[in-house]
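Please work through the exercises below with the structure in view, trying each task before reading its solution.

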Amino acid sequence: SSGINAECPLRPGNEPLIVWMRVAAFPTFRKVYSYIDMSINTELDGGLDEGTYRLKINYNYPVLYYNSKKYFVLSTTSLFGGRNLMIGIVYLITGSLLLLLAITFTCIVKKDLQSVLSNLGGGH
């Protein structure tokens with residue numbers, strides 16, 4: 001037995017709740033509830049048919065207390081993820097700077113180590 005009650009909302013497989021409970025990085029955020037896997041839903045290859053759709057949303061988590069609003073968004077993703085590339089760009093710049101610093105410090109340590117070793121070897 002895994003020790004997880006089947007009625008527990010945080011059980012493995014309840015991805016919408018697990019995603020919702022994750023802390024957002026910014027005050028304005030989107031949390032993905034679901035996505036359409038086009039490899040399974042081949043009838044949707046051309047996208048959704050034009051027309052009127054009705055969506056019923058239950059008010060399970062009040063947001064008025066926080067002076068907030070809820071929205072329903074249909075969106076597509078790019079190769080890099082969602083609509084905002086800023087986080088990806090910041091990650092790439094930060095990673096590049098850290099790699100440059102690591103290479104610089106490695107060269108400095110290697111140079112200092114060779115200097116120390118040559119001084120030790122020359123003294124004997």
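**Exercise 1.** Decide whether Leu74 is buried or exposed, and state where in the chain Leu74 is found.

*Solution.* The model is a predicted one, and the values used here are computed from it. The relative accessible area of Leu74 is 64%. The cut-off for calling a residue exposed is over 50%, and therefore Leu74 counts as exposed. As for its place, Leu74 is found in the loop between α1, which covers 15-21, and α2, which covers 86-122.

**Exercise 2.** Apply the same reasoning to Ile57, and then find how far its C-alpha atom is from that of Phe72.

*Solution.* Begin with the location, which for Ile57 is in the loop between α1 and α2. Its relative accessible area is 55%, and because exposed means over 50%, Ile57 is classed as exposed. Turning to the distance, Ile57 and Phe72 are 15 residues apart along the chain, and their C-alpha atoms are separated by 9.0 Å.

**Exercise 3.** Classify Ile36 by its accessibility, and name the residues it contacts once neighbours within four places in sequence are left aside.

*Solution.* Ile36 is placed in the loop between α1 and α2, and its relative accessibility is 48%. Partly exposed covers the range between under 20% and over 50%, so Ile36 counts as partly exposed. With the neighbours within four places left aside, Ile36 is in contact with Asn41 and Leu44.

**Exercise 4.** Which residues make the nonpolar surface patch of about 780 Å²?

*Solution.* The patch is made by Ile36, Leu48, Tyr53, Leu55, Ile57, Phe72 and Leu74. Residues from the earlier exercises are part of this list, including Ile36, Ile57 and Leu74.

**Exercise 5.** Describe the exposure of Arg30 and its separation from Val73.

*Solution.* Arg30 lies in the loop between α1 and α2, where its relative accessible area of 46% makes it partly exposed. In sequence, Arg30 and Val73 are 43 residues apart, while in space the C-alpha to C-alpha distance is 8.9 Å.

**Exercise 6.** Set these residues in the setting of the whole chain: how many helices and strands are there, and what share of residues is buried?

*Solution.* The secondary structure comes to 2 helices and 0 strands. Of the 124 residues, 2% count as buried. The accessible surface comes to about 12300 Å², with 62% belonging to carbon and sulfur atoms. Finally, among contacts between residues at least 6 apart in sequence, 18% join residues at least 24 apart.

Technical notes:
Residues numbered from 1 in each chain as written. Predicted model: local features only at pLDDT ≥ 70, side-chain atom pairs only at ≥ 80, totals over all residues. Heavy atoms only, no water. Helix = DSSP H or I, 4+ residues; strand = E, 2+ residues; numbered from the N terminus. Buried < 20%, exposed > 50% of the residue type's maximum accessible area, 1.4 Å probe, protein only. Contact = heavy atoms within 4.5 Å. Areas by Shrake-Rupley, 256 points an atom, 1.4 Å probe, with all protein chains shown as cover. Patch = residues over 30% accessible without salt bridge, like charges linked within 9 Å, V, L, I, M, F, W, Y side chains within 5 Å. Salt bridge = Lys/Arg side-chain N within 4 Å of Asp/Glu carboxyl O.
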